[in-house]
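Reader: Before I rely on any labels, I would like to see how each of them follows from its criterion. Could you take me through the reasoning, one label at a time?

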Amino acid sequence: MRKIVSMAILAIAISAPVLAEKKFMDHTRLMDHGDGHLMDMDGGMVMGQNTDILPGGCDKIAATKEITVHAGHKYSEKFPGTMFAFDKQEYQFEPCTKLTVNFVNDDSIRHQWMMHGLPRYLYPKGMFHLEVTGPGKISGTLIFPPNDKTYLVHCDISQHMEKGMKAQLKIGKGSGDLPSIPGLTAYVIQDDYRKSIPEIVIKPKATKKTVTKNSKNEATSDAVISGVMIIGLAAGLLLAPILVRRFKGMPADEIISTIFEMIAQGISLLIKLITSLIAMVSSNKVIEPPKK
Ligand SMILES: [Cu+2]
């Protein structure tokens, strides 16, 4: 009893940190690693931040904007077949806008708001990236280049974009639409929910016979009463009276244990027979030394 109680206490102690709801975290105390890369030790990260360098072709900062972006499973509920999503799938800004993004992760897993295709002389790897692990918020700022362009925004965690966490950001008129933006543009591979699970068609056996090389063999193996079955039946009929006599008046558990014993004896007898057969065969193969 004491053992059970201590085991229960141990189980609760182990599962407590897992079951506990994660607290919302505002990632404001970030360490600046230079080149617009900031992070903390709690799963918050900003990459490609640019608060003051004007991109080539921009005379001045055209506008200063701020948005709040949410990421989470619940935003995917309106898009069938998806699992994750941002609260918005499209953004539009004027060229040379200075934008601050407040990225809020509503899930208890890791999400990102990652922009691609920015000029590499200003943004390392052409990327602006915000990341939060678990529920929380992080903010970052960037300045957009002057040209009309559509940028991909997504979460780069494995399968999150494929499962719906994808959006587009248009600067000026943009440069067209990206595919597979939930609720916005056509999917590259469209899931079809109109049909239920396809019916499995089992081909009749007759068609198989035309393909097989030896239809005679197949016919014998397919026969309802095979030779093996006849032998089995005969053995059963012969053994039945002997077994009935043996088990007469025995309780059920004893009958079962006796049967197992008999099987074990049979198997050991068979093994002995096989080993002796092998020994016989191998001794026959010994090559006699040539007689002089
Ligand atoms: Cu994600």
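**Strands, contacts and burial**

Author: In this predicted model, five strands form an open sheet with mixed pairing, in the order β1-β11-β8-β5-β6. Its edge strands are β1 (25–26) and β6 (85–86).

Reader: What makes β1 and β6 edge strands?

Author: Each of these two strands pairs on one side only, and that is what the label expresses.

Reader: How do you know that β8 pairs with β11?

Author: Pairing requires at least two bridges between two strands, and eight bridges join β8 to β11 (residues 136–143), so the criterion is met, with the two strands running antiparallel. Within this pairing, Val104 has Lys137 of β11 as its bridge partner.

Reader: Why is Thr97, in strand β8 (residues 97–105), called partly exposed?

Author: Thr97 has 18 other C-beta atoms within 10 Å; because a buried residue needs 20 or more and an exposed one has 12 or fewer, the value of 18 falls in between, and Thr97 is therefore partly exposed.

Reader: Which residues does Thr97 touch, not counting those up to four places away in sequence?

Author: With that exclusion, Thr97 touches Ala62, Ala63, Lys65 and Phe144, a contact being C-beta atoms within 7 Å. For Ala63, the C-alpha to C-alpha distance to Thr97 is 4.8 Å, although the two are 34 residues apart in sequence.

Reader: What share of the protein's contacts with a separation of 6 or more links residues 24 or more positions apart?

Author: Such pairs account for 66% of those contacts, in a protein of 292 residues, 20% of which count as buried.

Notes. Residues are numbered from 1 along each chain as its sequence is written. This is a predicted model: local features need pLDDT of at least 70, side-chain atom pairs count only at pLDDT 80 or more; totals for chains, interfaces and linings use all residues. Two residues are in contact if their C-beta atoms, placed from the backbone, lie within 7 Å. Helices (H or I, at least four residues) and strands (E, at least two) are DSSP runs, numbered from the N terminus.
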